[in-house]
Amino acid sequence: MTPEQHARIEQRFQEALTLTADQRSDFLQRNEPDPQVRAAVERLLAHCATEGRTDPVLGRLAEALHTAAPMPPHAIGAYRLLRELGSGGMGTVYLAEREAGDGVQRVALKLLHGACGDTARRRMARERGLLASLDHPLIARHIDGGTSAQGQPYLVMDYIDGAPLHEHLARSPGSLRERLQLFLRLCAAVDHAHRRLVLHRDLKPSNVIVRGDGAPVLLDFGIATLIDGGDGPAHTVTVAFTPGYGAPEQRRGDPATTATDVFGLGVLLFDLITGRRLSQLRGPDAAVPAPSVSVEATALRRALRGDLDRIVLTACAEDPGERYPSAVALADDVQRHLDGQPVVAAHGGAVYRLRKFVGRHRLATAASLLAMLVASGLVWRLDNERDRAVAAEHTAQAARARAEREAQYTEASRKFLESVLAETAPDAVRGAPVSVSALLARAADKLQADTRQDPRTRAIAWLTIAEVQEAIRDPQASLRAVDAADAAIVRLDRDDPELRARLLSARGSALQGMERPEQAMATHRELLALRERQGADATTLAQAYVDYIASALQAAQDQEVERAVRRATAILDAGGEAAPELRLELTIASIAPALAADDLPRAERQLLRARALAAPVWPADHPSRLVLHRLAGQLRSEQLRLDEALREAQEGLRIARSAYGERSRNTMEMESELGDIYHQMGRLQEAVEHSERALRIGIDLGLDPRLLAKLQIALASVYGESMGEPVRAIELLDQALQWMQAYGDEPDLQPWRMRALNVRAMSQVALKRDAAAMPDYEAALALARTHADPKQLISIQLRMVRPLIRERRYQRAQQLLDESERRIAEGPPEHKNFEPGLLALKADLAFKRGDLAAASRQVRRALAAAAASPAYDPLMIANVQLMAAEIAHARGERQSARDLLKHATAAYDAGLPPGAIQRVRAEQLRRKLSG
């Protein structure tokens, strides 16, 4: 059979499953003209009807398709297939590997059945965008995807080295308490996805792998995650689910909601606590049985009877409205059971609650009973114990009331989330593509219009929208949602610390995204104060510090960053917390201040430490590794190890595109980094291409004018400094400086304003407007002195010398050269890279003063220094050669001048456009030498 036939078999089979047995034959005759496809579907339906009780439908589907499917290729794209890991109805999963940096990355590659049409490609592209927002240690990450040479779609995910859930339980079942704690971690992973509007819809034991450290990891998160916008009703509801584990609404063909995943968690809990497979105990349309009646061991049956029976049956209720309202509510009830508290799923009266009280206070209860028996005549003791029991009864009732109130809030949030997801149904979208941004915008409009909801529910819904908007890098929309949440909270008790903390964290992140670092710092400082008043645990407080550090980094408050890093590290140490990811983030945060201080050895140490810490925390393609590649590229640029800087930036751009798409802020930032590195390398055309692309993305995203100004300054630097297009550079810089003028003296903007003034002055000089250049040079020099930036100070001083020489202001030029020479001698070794330029300017000054012998000596020194400096690319060396040729010509050394000019011209021909000023000068000298 062809891949197209396999695709139709799967489609028709899933559609037929939503119909009654009597309707299926007519449906196939009317809708499927291919007799081979009809026959295959009928065989699958027969298997489902006769053997579904013991064999999952997907297993049968895979078996039927596998026998006719062609052998897979040895490689798909960059991935080498090593061996088959498993097979299901939608495809086969292989262990694969690819080259990644200096090593080999192992992944799980799922090769789907059927050819990849436009619909499949659109669905997979949307999945990658959605899954980029899922960043949880217990969710297997989606890495890549595409279409094989045979036309089959494939997905690439993290390879989790561990055992499937039932295999793990068979090897090391652990205690009942340990299995319940494992289940709580699965609930946290599902809740993480729900908060980002992503459903799993196929929760079952085979999609849970338990790692060697005992942590459970969810697989296949995101296969048909959101409801597809297909042409028929089946497209809105069908996912590949296994009989015995599928929710009733999936069997009926109703839309899936968060309640569907709650059902999936419930059946996982059944398998975990019984050690049995629900698929072997439950018929296709039967209700989920109570766990206690499904086990034979008397002790286990007694442990499951009561609370755990109620919890599983509530999670697996036939009616979605009768289930737990969310994964969190289910987890909370399991935690209450572990803590000996009354569970929400139980409807027992005083006797039930008193029994729970006695269970929590066995020692006190036993002592009371003993005292009563020994001194039965002392009735007051009995009264005392009765009073204590009544007080405990009241406490339990209050706790249950609070739990029920929270459940009501969560139920309202769940219904709101269901209404959001329903917006993706075909009758709602009418064929239009559904993006996360559009979905959130519709949710915000609906929430804005509906003012009947409970204020707390409204606040939580707005905060959820804000957090997802920030995850997809839409800070303006995120801040609007935060403001709406704050307005809802005004109507509540403002002392609710957790709700307030969540709001402050979301507001600070949104302000960072909008380039308002000072306001973000103030907000995160308020969050820190709140956490400290709470007496928060070490991890929570350290996380608040990490948020604060991110805004301080953006504000270029390097000393504050270093202080906060030390404080957060001390808090983790004092609390005895390993917190590997937090410590990794703190180490990364310390790299930028070291770079800003020109302390490259310290930056190198911190980078190496960060990479060592990242190895067990972030896989090779983890989106968070983007920041490591970016900082590594910046450090290698400063070290003038430009080939390595280029590799780091290219890898960062690859991750950004894969994780966030072509039009994201992360991608824009990496395009800009690449432009800067190519500029340093003298690869000007590539520098312009990447810098222009970064600017276009920034404009498309509607980013803050301050950020757009920085992008324009970077692009203008290429045009003005190297491309010989000063007019274009001045246009870009005029607009950038005008944008920045509205923001006054914000510290973060001062280095960029200095760079803009410097490049605009250079561009004026290139246009022979030396007088117009001097005010910009002087203003840039004043900013460099104010901000104690020795490197920029030297650079600006040296750039000022040439126009001063042309204006015959030799004394001022000599003064700047002497000051620069002193700073180079006193500065770090990296400042030696200015030496060739300094010597060339000394030669030029001597030349213009008529001291040809001194000019010749200095230019020879400049040539030797430029050849030895890793900072000098071929174009920069060519500039010194051109000057040396001009000096040699003036001294009558015509052959030496010709040789020097030949080398310079070759570099200019390869790297500069025809109108560049250097090429004009070289042509003028060539004519003189020819005459």
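Trainee: Lys768, buried or exposed?

Mentor: Exposed, with a relative accessibility of 72%. This is a predicted model, so take that as a computed value.

Trainee: Where is Lys768 found?

Mentor: In the loop between α33 and α34. Lys768 comes just after α33.

Trainee: What about the phi of Lys768?

Mentor: Phi is near 60°. That is a positive value in a residue other than glycine. Most residues other than glycine have a negative phi.

Trainee: Which other loop residue has a phi near 60°?

Mentor: Arg808, also with a positive value in a residue other than glycine. Arg808 sits in the loop between α35 and α36.

Trainee: Is Arg808 buried or exposed?

Mentor: Exposed, at a relative accessible area of 64%. The cut-off for exposed is over 50%, so Arg808 passes.

Trainee: Back to α33. How many residues does helix α33 have?

Mentor: 17, running from 750 to 766. From first C-alpha to last, α33 reaches 24 Å. That is close to the 24 Å expected at 1.5 Å a residue.

Trainee: How many residues of α33 are buried?

Mentor: 13 of the 17. So α33 is largely enclosed by the rest of the structure.

Trainee: Next, Leu733. Which helix?

Mentor: Helix α32, residues 726-741. Leu733 is buried, at 0% relative accessibility.

Trainee: What is Leu733 in contact with?

Mentor: Leaving aside neighbours within four places in sequence, Leu733 contacts Ile713, Ala716, Ala756, Val759 and Arg760.

Trainee: And how far is Leu733 from Gly720 in space?

Mentor: 9.9 Å, C-alpha to C-alpha. In sequence Leu733 and Gly720 are 13 residues apart.

Trainee: Switching to cores. Which residues touch the most other members of the largest nonpolar core?

Mentor: Tyr777, Ile796, Met800 and Tyr908. That core has 102 residues.

Trainee: What does Tyr908 touch?

Mentor: Not counting residues up to four places away in sequence, Tyr908 touches Leu875, Ala878, Asn879, Leu882, Gln918, Arg919 and Ala922.

Trainee: How many residues are in the second core?

Mentor: 47, in a separate core. Leu138, Cys187, Leu300 and Val343 are included.

Trainee: Cys187, buried or exposed?

Mentor: Buried, at 1% relative accessibility. Cys316 is buried too, at 5%.

Trainee: How many disulfides does the count come to?

Mentor: The count comes to 0.

Trainee: Salt bridges, then. How many does the structure hold?

Mentor: 47. One of them pairs the side chains of Lys791 and Asp598, at 3.4 Å, N to O.

Trainee: Which parts of the chain does that pair link?

Mentor: Distant ones, 193 residues apart. Lys791 is in helix α35, residues 790-806. Asp598 is in the loop between α25 and α26. Lys791 counts as partly exposed, at 23% relative accessibility.

Trainee: What does Arg785 form a salt bridge with?

Mentor: Glu819, with the closest N and O atoms 3.1 Å apart. This pair also links distant parts of the chain, Arg785 in helix α34 and Glu819 in helix α36. They are 34 residues apart.

Trainee: Is Glu819 buried or exposed?

Mentor: Buried, at 12% relative accessibility. Buried means under 20%, so Glu819 makes the cut. Arg785 counts as partly exposed, at 40%.

Trainee: What about Asp844 and Arg802?

Mentor: Their side chains meet in a salt bridge at 2.9 Å, N to O. Asp844 is in helix α37, Arg802 in helix α35, and they are 42 residues apart. Asp844 is buried, with a relative accessible area of 5%. Arg802 is partly exposed, at 29% relative accessibility.

Trainee: Which residues do salt bridges that share partners join into one network?

Mentor: Asp483, Asp486, Arg500, Arg507 and Glu526.

Trainee: Last one, His166. Where is it found?

Mentor: His166 is in helix α6, residues 165-171. His166 is buried, with a relative accessible area of 10%.

Trainee: And what is His166 in contact with?

Mentor: Leaving aside neighbours within four places in sequence, His166 contacts Pro205, Tyr245, Asp271, Gly275, Arg276 and Arg277.

Methods:
Residues numbered from 1 in each chain as written. Predicted model: local features only at pLDDT ≥ 70, side-chain atom pairs only at ≥ 80, totals over all residues. Heavy atoms only, no water. Helix = DSSP H or I, 4+ residues; strand = E, 2+ residues; numbered from the N terminus. Buried < 20%, exposed > 50% of the residue type's maximum accessible area, 1.4 Å probe, protein only. Contact = heavy atoms within 4.5 Å. Core = buried A, V, L, I, M, F, W, Y, C linked by side-chain atoms within 4.5 Å. Salt bridge = Lys/Arg side-chain N within 4 Å of Asp/Glu carboxyl O. Disulfide = S-S within 2.5 Å. Expected span 1.5 Å × (residues − 1).
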